[in-house]
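Me: Could you walk me through part of this structure, one piece at a time?

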Amino acid sequence: TLDDLAHCVRSDGSLPLLLVLTPYEVSNDPDQYLALNRLLAAVSQRRRHGPIIAVVLGPLVGPMAMVAQLVDIICFGPTGSLALADIATAKRIPQRSEALPSPAELSCEFNTDASALLGLRRISNLLPGGPWSEADTDAPDCGDDLAFERLSGLDASQHVDERRLLRRIADDRTFVEFKGAGGLTGYLARIGGQTTGVLASTAKMSGVLDATALAQAGKLIEFCGRHGISVTTLVDCPGVVPDDAALRGLASLVTAWSDSGVSVVSLVIRRAIGAAAAALMPCSAADHVA
């Protein structure tokens, strides 16, 4: 079975690959582990050529959790979880720990298995080559007010609702939201008919970036760079947490921007102070900042 799955992963390498992962136990057999190694190698190689999206229905332990860790985007059903341990070890892990995906993953959580499967389909539609085209673009009309005062409310010192802003500029007013981290949330949308990854400051932590937020941003940038997807940043950030973990994360993020080669458009909504400018307004966006 694992060899059949590896063969499917290797075929049609340029198309998005959708995986539905359910609890599956790998027997303690040398041939099974060799087949698992072939599957892991196939997934690792495939993600260089086309995006891989997985929906996780139920707890995955050990080998199959490793497969899920290698994909680009994970959709978690209500009981979906990852535990990188064998069965005997996983029984000693508290259930709460098992249920938490890695904070640096591009993941979405859903209340039912059906909605998780629909989420997988929705994400695949947003990727390059999906069914939407420029002809389907729903540009803002004259009734849309994008003025700062409208988005922030009467108090200009308050954070702008990034979802409201993105809903007004995204085609068909729709997008996919990844699990947020720190003062940052990642999205996938189409703007002007083109697929784009979005990094948006949030009201959480007043928009301050911590190590987890920086790591997740790096994940999205790496994904976009690998598949030729542009990035838009919606910036309202007073800075970066001044600790060693965040500083290492900032250095890694700057490297990710440089290595990805993605096209970047940055919109500064209120402020971009200090290291926040380096994190969310890379040098590649020097001619595309508003």
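**A strand and its neighbours**

Reply: Gladly, and please keep in mind that this is a predicted model. A good place to begin is the hairpin that β8 and β9 form with 2 residues between them, where Gly-192 in the turn has a positive phi of about 65 degrees.

Me: How many bridges join β8 to β9, and do they run parallel or antiparallel?

Reply: Strand β8, residues 184-191, is joined to β9 by 8 bridges, and the two strands run antiparallel. One of the pairs can be named, since Ile-191 has Gln-194 in β9 as its bridge partner.

Me: Is strand β9 largely enclosed or not, and why?

Reply: Strand β9 covers residues 194-201, and because 7 of its 8 residues are buried, the strand is largely enclosed by the rest of the structure.

Me: And which way do β9 and β10 run?

Reply: They run parallel, with 5 bridges joining β9 to strand β10, which spans residues 230-237. Within this pairing, Ala-200 stands opposite Leu-234 in β10.

Me: What do β9, α9 and β10 make?

Reply: Together with helix α9, residues 211-226, the two strands make a β-α-β unit that is right-handed.

Me: Changing topic to helices: at what angle do α9 and α10 cross?

Reply: The axes of α9 and helix α10, residues 244-260, cross at roughly 10 degrees and come within 8 Å. An angle under 35 degrees counts as roughly parallel, and the two helices are therefore described that way.

Me: Which residues make that contact?

Reply: Among them are Leu-214 and Ile-221 of α9, together with Leu-250 and Trp-257 of α10. The residues of this contact divide into 10 nonpolar and 4 polar, with no charged ones.

Terms used. Residues are numbered from 1 along each chain as its sequence is written. This is a predicted model: local features need pLDDT of at least 70, side-chain atom pairs count only at pLDDT 80 or more; totals for chains, interfaces and linings use all residues. Side-chain values use heavy atoms; hydrogens and water are left out. Buried means under 20% relative accessible area, exposed over 50%, partly exposed in between (1.4 Å probe, protein chains only). Helices (H or I, at least four residues) and strands (E, at least two) are DSSP runs, numbered from the N terminus. Two strands pair if DSSP finds at least two bridges between them. A crossover is right-handed if, with the strands pointing away from the viewer, the path from the first strand over the helix to the second runs clockwise. Axes are lines fitted to C-alpha atoms, for helices over the stretch in contact, and angles run from 0 to 180 degrees between N-to-C directions. Angles under 35 degrees count as roughly parallel, over 145 as roughly antiparallel, 65 to 115 as roughly perpendicular and the rest as oblique. Contact means heavy atoms within 4.5 Å. Ala, Val, Leu, Ile, Met, Phe, Trp, Tyr, Cys and Pro count as nonpolar, Asp, Glu, Lys and Arg as charged, and the others, Gly among them, as polar.
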